[in-house]
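User: Please take a close look at one part of this structure, the sheet, and follow it out to the helices and charged pairs around it.

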Amino acid sequence: MQLGLVGLGRMGAYMRERVRAAGHEVVGYDSDPSVRDVGSLVEMVTRLSGPRVVWVMVPAGEPTRSVINELRHLLTAGDLVVEGGNSRFSDDESHSALLRERGIGYLDCGVSGGVWGLTEGYGLMVGGDEADVARAMPIFDALRPAGNREESFAHAGPVGAGHYAKMVHNGIEYGLMQAYAEGYELLAAEPRITAPESVMRAWQHGTVVRSWLLELLVAALREDPGLSSISAYTEDSGEGRWTVEEAIAHAVPVPVIAAALFARFSSRQPDSPAMKAVSALRQQFGGHQVRNLEAVQS
């Protein structure tokens, strides 16, 4: 099967390699000349035999909208676009409608696996019509891990369902990572625990908290004990915020995910105004001592 792939960053490039290893032809385009197979989207479309399948793997928002709009004018009726970036699910309906005007199919696909997907395979969550999903299944099967399809692939529902499922997946990921991080900090704070990384390593088998995320944290601690070379500043790519927004819209309590999101915000405040206010209030009502900023910085 042929596949056009737009976006060859770390994840897109590994996806190209994995699909090729499964015996499919991939024609990749990227703005970076050093990684692309063709020099333009026009050339990519020309290299593909109809009906075409094109996978878009670029940053969410305007970059994705721009590519979808350009493909709308290059592809023809009967072609299919799979949008695999971390787009907000609410964008999918407009993308689908734009393409539908010209008879072009659309699937949204949440992709999980990161830089490990090349060797481990990718978890896939897809939204769209059943016929379009079936048509792209050889590519999905090439990307997912070996074994039962149902354990790594889901047709989650109509257009938008794939990215919605991926959003919730990433919200859960926020909570899991925060729990492991807090556990590590508590272990490191206790003098009785002489090797917190060894404790966490021992949790990898036979315990109920074992997971791939735990293995990755243990690997990070092995490479950099104490994590002294890493800044505490932590980005959020959007899915955590969207998960909390959707929880509010549906009146579903998600205190763990919300707390994990706010913890990421806290990581960006080396001198938090809110904590300054807490310190000032403690001094006002209880006479508690406060630390002078100059003394802390000296």
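Analyst: The sheet comes first, then the helices on it, then the salt bridges.

This is a predicted model, in which local features need pLDDT of at least 70, side-chain atom pairs count only at pLDDT 80 or more, and totals for chains, interfaces and linings use all residues. Residues are numbered from 1 along each chain as its sequence is written, and side-chain values use heavy atoms, with hydrogens and water left out.

Seven strands form an open sheet. The order is β2-β1-β3-β4-β5-β6-β7, with mixed pairing. Strands here are DSSP E runs of at least two residues, and helices are H or I runs of at least four, numbered from the N terminus. Two strands pair if DSSP finds at least two bridges between them. At the edges sit β2 (25–29) and β7 (153–157), each pairing on one side only. From one strand to the next, the twist averages 25°. Angles run from 0 to 180 degrees between N-to-C directions, with axes fitted as lines to C-alpha atoms, for helices over the stretch in contact.

Now β5. Strand β5 (residues 105–112) runs antiparallel to β6 (residues 123–127), and five bridges join them. Asp-108 has Gly-127 in β6 as its bridge partner.

Two helices meet this region. Helix α4 (residues 89–100) lies across β4 (80–83) and β5, at about 145° to β5. Helix α7 (residues 161–189) packs on the sheet and touches β4, β5, β6 and β7. The direction of α7 makes about 15° with that of β5. Contact means heavy atoms within 4.5 Å.

Next, the charged pairs. The structure holds eleven salt bridges, each a side-chain nitrogen of Lys or Arg within 4 Å of a carboxyl oxygen of Asp or Glu. In one of them, Asp-79 meets Arg-52, with the closest N and O atoms 2.8 Å apart. Asp-79 lies in the loop between α3 (62–74) and β4, and Arg-52 in the loop between α2 (41–47) and β3 (53–56), so the pair ties together parts that are 27 residues apart in sequence. Asp-79 is buried, at 2% relative accessible area. Arg-52 is buried too, at 15%. Buried means under 20%, exposed over 50%, and partly exposed in between (1.4 Å probe, protein chains only).

Glu-101 and Arg-72 form another salt bridge, at 3.8 Å from N to O. Glu-101 is in the loop between α4 and β5, and Arg-72 is in helix α3, 29 residues apart. Glu-101 is exposed, at 60% relative accessibility. Arg-72 is buried, at 15%.
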